[in-house]
Amino acid sequence: MEITRLALPGPGPTARDAALLCARLARLYEDGAAAVECDVSAVTAPDLATVEALARLRLAARGRPLRVTGASPALRALLHLAGLLQLLGEAEEGEPACGVQEGVQPGDPPL
């Protein structure tokens with residue numbers, strides 16, 4: 001499967017960048033991209049605008065494959081503090097990884 005790339009600008013995306021990136025992501029999927037890789041390696045000064053941009057991109061993907069790569073330790077720490085480390089495809093501490101269902105015990109009530 002061919003992966004299409006999308007890069008966040010450095011040192012960090014702005015709110016305007018987030019809107020443009022979401023529009024670009026939507027076009028990539030409309031043009032037939034099977035999966036998109038979002039490169040955040042240029043983000044050297046992550047802040048809440050970076051977190052917002054990544055969250056908005058995840059929503060814009062609408063369940064289609066979107067992988068975030070190149071996250072710095074600072075960005076990872078910020079996403080962890082915001083409770084959004086799963087945007088990188090990683091599980092929060094004590095949480096199962098995305099797509100992993102916890103075991104069910106006999107007699108457990110349905111949710």
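This section describes three helices of a predicted model and several residues placed in or beside them.

The model is predicted, so local features need pLDDT of at least 70 and side-chain atom pairs count only at pLDDT 80 or more, while totals for chains, interfaces and linings use all residues. Residues are numbered from 1 along each chain as its sequence is written, and side-chain values use heavy atoms, with hydrogens and water left out. Helices (H or I, at least four residues) and strands (E, at least two) are DSSP runs, numbered from the N terminus.

Helix α1 covers residues 15-30. The expected span of a helix is 1.5 Å times one less than its number of residues. For the 16 residues of α1 this gives 22 Å, and the end C-alpha atoms lie 23 Å apart, which agrees. Burial is defined by relative accessible area: under 20% is buried, over 50% is exposed, and partly exposed lies in between (1.4 Å probe, protein chains only). Ala18, Leu21, Cys22, Leu25, Leu28 and Tyr29 are the buried residues of α1. Seen down the helix axis, they fall within an arc of 120°, so they line one face of α1. The arc is taken from the directions from the helix axis to the C-beta atoms. Arg16 and Glu30 are exposed and sit on the face turned away from the buried side.

Contact means heavy atoms within 4.5 Å. The buried residues of α1 pack against four elements: β1 (3-7), β2 (35-39), α2 (48-61) and β3 (66-69). Arginine 24 also belongs to α1. Its relative accessible area is 37%, so arginine 24 is partly exposed. Its C-alpha lies 8.3 Å from that of leucine 6, although the two are 18 residues apart in sequence. Just after α1, glycine 32 adopts a positive phi of about 105°.

Strand β3 contains threonine 69. Threonine 69 is buried, at 16% relative accessible area. Neighbours within four places in sequence aside, threonine 69 contacts Glu37, Cys38, Asp39, Val40 and Ser41.

Threonine 50 is part of helix α2. Its relative accessibility is 0%, so threonine 50 counts as buried. With residues up to four places away in sequence not counted, threonine 50 touches Leu8, Gly12, Pro13, Val43, Ala45 and Leu75.

Helix α3 spans residues 73-81. The axes of α2 and α3 come within 10 Å and cross at roughly 75°. Axes here are lines fitted to C-alpha atoms, for helices over the stretch in contact, and angles run from 0 to 180 degrees between N-to-C directions. The two helices are therefore roughly perpendicular. That term applies from 65 to 115 degrees; angles under 35 count as roughly parallel, over 145 as roughly antiparallel, and the rest as oblique. Leu48, Thr50, Val51 and Leu54 of α2 meet Leu75, Leu78 and Leu79 of α3. By class, this contact has six nonpolar residues, one polar and no charged. Nonpolar covers Ala, Val, Leu, Ile, Met, Phe, Trp, Tyr, Cys and Pro; charged covers Asp, Glu, Lys and Arg; the others, Gly among them, are polar.

The buried residues of α3 are Leu75, Leu78 and Leu79. They cover an arc of only 95° around the axis, which puts them on the same side of α3. Their cover includes α2. The face of α3 turned away from the buried side carries Pro73 and Leu81, both exposed. Just after α3, glycine 83 takes a positive phi of about 75°.
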